[in-house]
Amino acid sequence: MTGAWPRAPDQRAAEHHASTAFNVDENGYLLVTQAASSQIVAQAKTVTDATASTPIPQNPSGVPTSLVARRRVHLRNFNNPDTEFAHVWVGGRDVTTSIGYPIPPYEELALDVTDAIQLYAIVETDKPVDLRSLELA
Amino acid sequence: MKERLQIDTSLGCKLRTTSVQLRAKTGGTPDRQQLPATPMLGRRLVRVLNFGRFGDPPGASPPLLHIMVGDQRVRWSSASDASGLPLRVYEYVEFPIDESVPLYAVLDPTLDPAQDSVDVRVLELG
């Protein structure tokens with residue numbers, strides 16, 4: 001084990017467990033990764049309902065689903081801003097266009113949320129949105 | 001391959017979105033308003049978006065309709081006496097803070113209080 005003295009508490013902990021849990025690099029920094037482990041799922045859902053919230057993501061059969069042990073969700077409004085200008089609003093079950101978090105065309109919202117949180121979306125009347133989702137676990 | 005500690009930074013069980021109508025005040029320094037008025041218990045992340053003039057259709061507001069975001073000392077008495085983080089329309093800021101840290105915002109006091117209030121959208125995760 002190398003590194004300057006005195007070592008930080010994190011590094012001392014790392015030394016204690018280094019053989020089984022993690023490494024400390026040559027500068028004494030703890031090597032950490034936030035990379036997802038093994039799974040990625042992409043889905044597409046055209047959100048059309050302007051009166052009730054739509055659970056997202058949904059699988060190709062239209063069934064709400066979440067990736068097990070999910071750690072991150074990317075939501076992208078894939079409408080063309082020139083020809084299909086429309087927002088989608090994201091939030092909880094009670095989401096409306098008045099309180100939801102908006103995603104404009106070609107913009108994205110990334111949320112570090114597990115599969116314990118069910119996300120919902122809603123749009124304005126007659127302004128459907130092609131909503132793409134990417135989940136990581 | 002090096003062994004690395006994996007840290008799960010995902011947020012588990014709570015999500016809330018709210019809208020705050022940030023108003024300009026007549027005469028003198030405008031009052032700052034809390035975002036949101038009641039913080040979500042157990043929150044760990046807040047995202048604040050300037051969504052443009054309140055009541056405007058999406059995409060219709062002028063981009064220079066600024067708000068100023070900060071703590072309870074945030075102020076915008078004049079352009080040269082401002083304290084906080086300015087957000088133009090459609091700009092956002094994200095803070096990893098819990099419910100014990102209140103956020104505030106204020107409007108440019110030169111705006112017309114009869115015409116200009118800003119729709120601030122707040123997303124909280126916990």
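Modeller: Two strands count as paired if DSSP finds at least two bridges between them. The model under discussion is predicted, and β3 of chain A is a suitable place to apply that criterion.

Biologist: What makes β3(A) and strand β8 of chain A a pair?

Modeller: β3(A) and β8(A), the latter comprising residues 119-123, are joined over three bridges in the antiparallel sense. The requirement is at least two, so three bridges qualify the two strands as paired. In β8(A), A:Ala121 is the bridge partner of A:Thr54.

Biologist: In what order do the four strands of this open sheet of chain A stand, β3 and β8 among them?

Modeller: The order is β3-β8-β5-β6, with antiparallel pairing. β3 (54-56) and β6 (101-103) each have a single partner strand, so they stand at the edges and one side of each is left without a neighbour in the sheet. From one strand to the next, the twist averages 40 degrees.

Biologist: What makes β2 and β7 of chain A edge strands?

Modeller: Their sheet is also open and antiparallel, its four strands running in the order β2-β9-β4-β7. β2 (40-47) and β7 (108-111) have a single partner strand each, so one side of each lacks a neighbour in the sheet. The twist here averages 15 degrees from one strand to the next.

Biologist: How do you know that β2(A) and strand β9 of chain A satisfy the pairing criterion?

Modeller: The antiparallel pairing of β2(A) with β9(A), residues 129-136, extends over eight bridges. Set against the threshold of at least two, eight bridges meet the criterion, and the strands are therefore called paired. Within this pair, A:Ile40 stands opposite A:Leu136 of β9(A).

Biologist: Which elements make up chain A, from the N terminus on?

Modeller: The chain has one helix and nine strands, and its elements run α-β-β-β-β-β-β-β-β-β. Chain B, by comparison, has zero helices and eleven strands.

Biologist: Why is A:Tyr106 classed as it is, buried or exposed?

Modeller: A:Tyr106 has 12 other C-beta atoms within 10 Å. A residue with 12 or fewer is exposed, so A:Tyr106 falls in that class. A:Tyr106 is placed in the loop between β6 and β7 of chain A, and its phi, near 65 degrees, is positive.

Biologist: What makes a positive phi worth noting in a residue other than glycine?

Modeller: Most residues other than glycine have a negative phi. A:Asp126 is another residue with a positive value, its phi being near 60 degrees. A:Asp126 belongs to the loop between β8 and β9 of chain A. With 8 other C-beta atoms within 10 Å, A:Asp126 is exposed, because the class takes in 12 or fewer.

Biologist: Is B:Phe95 to be called buried, exposed or partly exposed, and what count decides it?

Modeller: B:Phe95, in strand β9 (residues 92-95) of chain B, has 14 other C-beta atoms within 10 Å. Burial requires 20 or more and exposure 12 or fewer, so a count of 14 makes B:Phe95 partly exposed. Leaving aside residues up to four places away in sequence, B:Phe95 touches B:Val46 and B:Leu103.

Biologist: How do you know where B:Asp71 lies with respect to B:Phe95?

Modeller: The two residues are 24 apart along the chain, and their C-alpha atoms are separated by 12 Å.

Biologist: Which peptide bonds are cis, one in chain A and one in chain B?

Modeller: The bond from A:Ile56 to A:Pro57 is cis, with omega near -5 degrees; A:Pro57 is found in the loop between β3 and β4 (72-77) of chain A. The bond from B:Leu35 to B:Pro36 is likewise cis, with omega near -20 degrees. B:Pro36 is in the loop between β3 (33-35) and β4 (45-53) of chain B. Most peptide bonds are trans.

Biologist: Which residues touch the most other members of the largest nonpolar core?

Modeller: That core has 46 residues, and those touching the most other members include A:Val88, A:Val90, A:Ala121, B:Val48 and B:Ile67. The contacts of A:Val90, not counting residues up to four places away in sequence, include A:Leu75, A:Tyr101, A:Leu109 and A:Ala121.

Biologist: What share of each chain counts as buried, in chain A and in chain B?

Modeller: The share is 30% of the 137 residues of chain A and 34% of the 126 residues of chain B. Among contacts with a separation of 6 or more, residues 24 or more positions apart account for 68% in chain A and for 77% in chain B.

Definitions and conventions: Residues numbered from 1 in each chain as written. Chains lettered and ligands numbered in written order. Predicted model: local features only at pLDDT ≥ 70, side-chain atom pairs only at ≥ 80, totals over all residues. Axes fitted to C-alpha atoms, helices over the stretch in contact; angles between N-to-C directions. Contact = placed C-beta atoms within 7 Å. Core = buried A, V, L, I, M, F, W, Y, C linked by C-beta atoms within 7 Å.
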